Each structure stands twice: as C-alpha cells, then as structure tokens.
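This report describes the protein displayed below, for a reader who is new to structural analysis. Please keep the sequence and the structure in view while reading.

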Amino acid sequence: MHRFDWAIRQAMQLAALAGEGGDVPVGALVLAPRAGGTGALNASDGVIFEDEGERGMKAMRSSSGKAQGDSFFNVPEESELEDWQIIGRGFNQREVSPFDPTAHAEIVALRQAARKRSSWRLSDTTLVVNLEPCTMCAGAIVNARVSRVVFGAWDDKAGAAGSVRDVLRDSRLNHRVEVIGGVLEDECGGQLKDFFTSRR
C-alpha cells in the first residue's frame with residue numbers, strides 16, 4: 001500500500017464526475033502540508049469550484065442528483081490526513097459550456113489551490129491525479145512551483161511526466177518537480193479503459 005493511495009482514490013472519484021459529463025475521466029487534487037495539525041477536513045471542504053460557477057455545480061452532480069459535498073466523497077481516515085490539507089480539487093470539464101480547452105483536471109485544481117492560498121506560487125504542495133499529466137498541465141505545474149506530482153496510470157500517447165516527454169523534470173527549466181508515477185496504476189488504467197470501451 002502506497003502512502004498516497006487514498007489521494008489517488010479521491011482523484012478517481014473526481015474522474016468519475018468527468019466521465020459522467022462526457023469527458024475523459026481525469027480527476028486531480030492539490031495537497032498542502034498541514035500546519036500544526038489544524039483545519040480538519042470536512043467532506044465538503046474545497047469541493048465548490050468558485051470560478052467555474054454554475055457550470056461547475058452542474059458538472060459536480062452525481063448520478064443521484066446530489067452535489068459532491070453531500071455524500072460523494074469517501075473522506076479518508078484522520079490518520080491519513082494528519083500531514084495534509086486538500087486545498088484544490090478538479091476534474092475534466094472541457095465538454096460542458098463554455099467548452100474551455102484548458103479545463104483539464106489539473107488546471108482546475110491548481111486554480112482552486114491558488115485562490116485558497118491567495119498566491120500563484122504553490123511551493124511545498126503535492127498534486128495528485130489519476131492519469132499522467134499532459135504537456136499543458138505539466139507546464140502549469142512547473143509554473144505554479146508545485147513540489148511533487150503523484151499519478152496513477154501512465155499515458156504513453158501524451159504523457160509529460162516521463163513517458164512521451166518529461167517536462168516536470170526538464171533540467172532546462174527553472175523548476176523541477178518530484179514525480180511518483182504508477183500509484184494504483186491498474187485501477188486507474190481500468191477506469192480509463194472502461195470509459196473508452198463504453199464509447200465505442
């Protein structure tokens with residue numbers, strides 16, 4: 001069992017919401033070190049995507065018609081959260097109005113985390129996502145100064161964290177990111193495979 005298993009599973013829950021909206025099931029969250037063990041996480045903490053407005057709220061409805069924060073998340077045991085606070089969540093939202101091509105899970109999560117911190121600098125944070133980030137998202141992660149990326153499935157067609165290219169650890173850039181890939185890889189890969197199979 002990996003120490004980030006619980007976070008990958010939350011990313012997969014977010015990914016399911018993207019799939020329900022007709023988008024590739026990718027979900028992401030940003031973790032910040034917990035200062036002095038304060039600020040306990042609630043099931044609805046950080047769930048509302050304020051900058052996405054009504055579009056985000058519609059996309060966050062589960063199949064039962066409840067908003068994410070009502071009952072969607074399985075909140076981890078407190079022992080798993082003692083070191084972390086979730087400051088951003090996101091899932092792919094390109095297929096809902098206004099059809100933003102940059103509305104990848106990682107971008108949405110980074111925007112929310114930046115608002116929470118009141119700064120674009122997200123140093124000392126960890127971004128967790130169920131699929132290896134693409135080039136666009138990897139560039140945003142580097143520019144946000146994220147310290148670590150943890151992901152599930154490798155993307156051998158568009159991955160930019162070590163498969164097709166390695167933007168996150170490119171020594172020519174002004175910031176390099178620690179990368180931990182393949183966490184719950186089979187589960188994450190299975191979720192993506194099921195989505196694409198269902199659309200054929």
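## Overall organisation

Of the 200 residues of the protein, 50% count as buried, where buried means under 20% relative accessible area, exposed means over 50%, and partly exposed lies in between (1.4 Å probe, protein chains only). The model is predicted: local features need pLDDT of at least 70, side-chain atom pairs count only at pLDDT 80 or more, and totals for chains, interfaces and linings use all residues. Residues are numbered from 1 along each chain as its sequence is written, and side-chain values use heavy atoms, with hydrogens and water left out.

The protein contains 7 helices and 5 strands. Helices (H or I, at least four residues) and strands (E, at least two) are DSSP runs, numbered from the N terminus. Read from the N terminus, the elements follow the order α-β-α-α-α-β-α-β-α-β-β-α. Contact means heavy atoms within 4.5 Å. Among contacts between residues at least 6 apart in sequence, 68% join residues at least 24 apart.

## The annotated residue and V26

The "active site" annotation, from an unreviewed UniProt entry, covers E106. UniProt positions are given in the numbering used here, feature names are shortened, and annotations may be inferred rather than shown by experiment. E106 is placed in helix α5 (residues 105–117). Is E106 buried or exposed? E106 counts as buried because its relative accessibility is 3%. Apart from neighbours within four places in sequence, E106 contacts V26, A28, L127, V129, L131, P133 and C137.

V26 belongs to the loop between α1 and β1 (27–33). With a relative accessible area of 5%, V26 is buried. Its contacts, again leaving aside neighbours within four places in sequence, include A15, G90, E106 and L131. V26 and G90 are 64 residues apart in sequence, and their C-alpha atoms are 8.5 Å apart in space.

## The nonpolar core and a helix pair

A nonpolar core is a set of buried Ala, Val, Leu, Ile, Met, Phe, Trp, Tyr and Cys residues joined through side-chain atoms within 4.5 Å. The largest such core has 50 residues, of which I8, L29, L31, L110, L127, I141 and L168 touch the most other members. Helix α1 (residues 5–20) supplies the largest share of this core, 8 residues. Beyond its neighbours within four places in sequence, L110 contacts residues including V30, L122, L127 and I141.

The axes of α1 and helix α7 (residues 185–198) come within 11 Å and cross at roughly 5 degrees. Axes are lines fitted to C-alpha atoms, for helices over the stretch in contact, and angles run from 0 to 180 degrees between N-to-C directions. The two helices are therefore roughly parallel, a term for angles under 35 degrees. From α1, I8, R9, M12, A15, A16 and G19 take part in the contact, and from α7, E187, C188, Q191 and F195 do so.

## Backbone exceptions

Most residues other than glycine have a negative phi, and most peptide bonds are trans. A cis peptide bond joins S97 and P98, with omega about 15 degrees. P98 lies in the loop between β2 (84–91) and α5. The table lists two residues that have a positive phi although neither is a glycine.

| Residue | Phi | Loop | Relative accessible area |
|---|---|---|---|
| F99 | about 60 degrees | between β2 and α5 | 52%, exposed |
| S118 | about 55 degrees | between α5 and β3 (126–131) | 67%, exposed |

Key: Parallel < 35°, antiparallel > 145°, perpendicular 65-115°, else oblique.
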